[in-house]
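Hi,

Here is the structure I said I would pass on. Have a look at it first, and then read my notes underneath.

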Amino acid sequence: MTQPTDRADRSPLFAGDQVMNLREATHRLGGDEELLRELAEMFFEDAEALLGVVREGYADPAQSQEVRRAAHSLKGLSSNFGAQRTMTAAFAVEKLAEASRLTDLPPAVQELEQEVARLNAGLREAFPAR
Amino acid sequence: MRSHRESERRPRVETTCAARHDASDFRVLVVEDNPSNRLFLVRVLGGGGFDVSAAEDGERAVALARERRYDLILMDVEMPNMDGVTATSIIRSGRPRLEGTPPSVPIIGISAKNEPDDRSRFAAAGMTAFLPKPFDARALRAVVDAACRRTAACRQREYER
């Protein structure tokens with residue numbers, strides 16, 4: 001891991017590991033910052049519930065469809081913010097649930113929990129409650 | 001007010017249809033199960049002046065197409081209840097009879113699945129074009145604007161006939 005050299009490198013908005021990239025995200029929306037805020041509010045409303053479905057269902061093969069779908073939704077939701085790390089973690093859970101690989105799921109779910117928490121913190125900072 | 005000023009600053013390609021034809025008379029049905037993707041589609045196209053409706057799965061899309069005339073359908077592929085490929089086949093078949101939307105309506109598939117096999121499956125179901133995910137507002141407006149211009153040209157020909 002290289003040391004950050006300036007402020008931009010340390011910022012979660014512009015870091016190479018892409019917790020999120022709001023500049024890119026705003027560009028994708030055609031510059032509509034208000035829409036980005038609305039999408040962030042959607043994330044605040046839905047992400048925890050989707051994560052709950054994953055958390056409560058991943059050990060149960062009967063719930064793998066629900067887990068797969070919740071992970072897929074988390075991937076779509078986080079894609080609005082250029083959140084590559086969360087998208088990667090959600091995609092891993094989605095694929096493992098689809099293949100019912102129960103022994104591989106716990107670390108992947110833990111990873112997803114961490115990434116969603118980081119993204120949530122970043123978005124809360126960028127979009128404080130009005 | 002802000003969106004009005006922004007629309008004036010948009011590059012030409014994004015406003016051609018709205019400028020030359022009546023975009024508000026171009027009805028787009030957006031079919032997408034993911035709420036945040038749906039919001040993105042509705043807002044970007046609504047901002048372009050199009051008349052936009054939304055459905056959350058294929059079943060609802062078929063029901064809406066039966067009731068109302070749509071000039072373009074943007075169809076996600078992976079959805080619960082009824083997927084986009086099935087919904088496209090039903091709309092294309094014209095059965096049961098669609099009162100509102102002609103079975104020949106342009107249907108643009110949207111999906112992250114972008115392998116040749118996927119694309120031929122979408123085309124076989126009757127999707128006329130394909131927009132791979134992820135896409136941005138500019139690409140979305142360009143593809144809808146192109147469809148709008150084609151439809152406006154068709155209407156003009158019918159009018160002149």
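Let me start where two helices meet across the chains. H3(A) and H3(B) cross in a right-handed way. Bear in mind as you read on that this is a predicted model. Here H3 of chain A covers residues 33-57 and H3 of chain B covers residues 35-47; their axes come within 10 Å and cross at roughly 160°. That makes the two helices, H3(A) and H3(B), roughly antiparallel, since angles over 145 degrees are counted that way.

Which residues make this contact? From H3(A) they are Leu35(A), Glu38(A), Leu39(A) and Met42(A), and from H3(B) they are Pro35(B), Ser36(B), Leu39(B) and Arg43(B). Sorted by class, the contact of H3(A) with H3(B) has five nonpolar residues, one polar and two charged.

Now for the contact between the chains as a whole. Chain A puts in 15 residues and chain B puts in 13. On the chain B side, H3 and helix H7 (137-160) each supply at least two residues. H3(B) gives the most to that side, with seven residues. By class, the side of chain B that touches chain A has six nonpolar, three polar and four charged residues.

Next, the sheet in chain B. It is an open sheet of five strands, in the order E2-E1-E3-E4-E5, with parallel pairing. At the edges sit E2 (51-55) and E5 (129-132) of chain B, each of which pairs on one side only. On average, neighbouring strands of this sheet are turned by 20° against each other, direction ignored.

E4(B), residues 107-111, is a good strand to click on. With E5(B), E4(B) pairs in the parallel sense over four bridges, and Ile110(B) stands opposite Leu131(B) in E5(B). E3(B) and E4(B) also pair in the parallel sense over four bridges, with Leu74(B) opposite Ile108(B) in E4(B). Is E4(B) mostly covered or mostly exposed? Mostly covered: four of its five residues are buried.

Some helices of chain B lie on that sheet. H3(B), the helix we met at the contact with chain A, lies across E1 (27-31), E2 and E3 (72-76) of chain B, and runs at about 170° to E2(B). Helix H4 of chain B, residues 58-67, packs on the sheet too and touches E1, E2 and E3 of chain B, with its direction at about 160° to that of E1(B).

H5(B), residues 84-93, has these buried residues: Gly84(B), Val85(B), Ala87(B), Thr88(B), Ile90(B) and Ile91(B). They pack against E1, H4, E3, E4 and helix H6 (116-125) of chain B. Just after H5(B) comes Gly94(B), which takes a positive phi of about 70°.

One last residue to look at is Glu32(B), in the loop between E1 and H3 of chain B. Why does Glu32(B) count as buried? Because 25 other C-beta atoms lie within 10 Å of Glu32(B), and 20 or more is enough for a residue to be called buried. Leaving aside neighbours within four places in sequence, Glu32(B) is in contact with Asn37(B), Arg38(B), Leu41(B) and Asp76(B). Glu32(B) and Ala55(B) are 23 residues apart in sequence, yet their C-alpha atoms are 6.5 Å apart in space.

Cheers

Terms used
Residues are numbered from 1 along each chain as its sequence is written. Chains are lettered from A and ligands numbered from 1 in the order in which they are written. This is a predicted model: local features need pLDDT of at least 70, side-chain atom pairs count only at pLDDT 80 or more; totals for chains, interfaces and linings use all residues. Axes are lines fitted to C-alpha atoms, for helices over the stretch in contact, and angles run from 0 to 180 degrees between N-to-C directions. Angles under 35 degrees count as roughly parallel, over 145 as roughly antiparallel, 65 to 115 as roughly perpendicular and the rest as oblique. A crossing is left-handed if the near helix is turned anticlockwise from the far one by less than a right angle, and right-handed if clockwise. Two residues are in contact if their C-beta atoms, placed from the backbone, lie within 7 Å. Ala, Val, Leu, Ile, Met, Phe, Trp, Tyr, Cys and Pro count as nonpolar, Asp, Glu, Lys and Arg as charged, and the others, Gly among them, as polar. Two strands pair if DSSP finds at least two bridges between them. A residue is buried if 20 or more other C-beta atoms lie within 10 Å of its own, exposed if 12 or fewer, and partly exposed in between; C-beta atoms are placed from the backbone.
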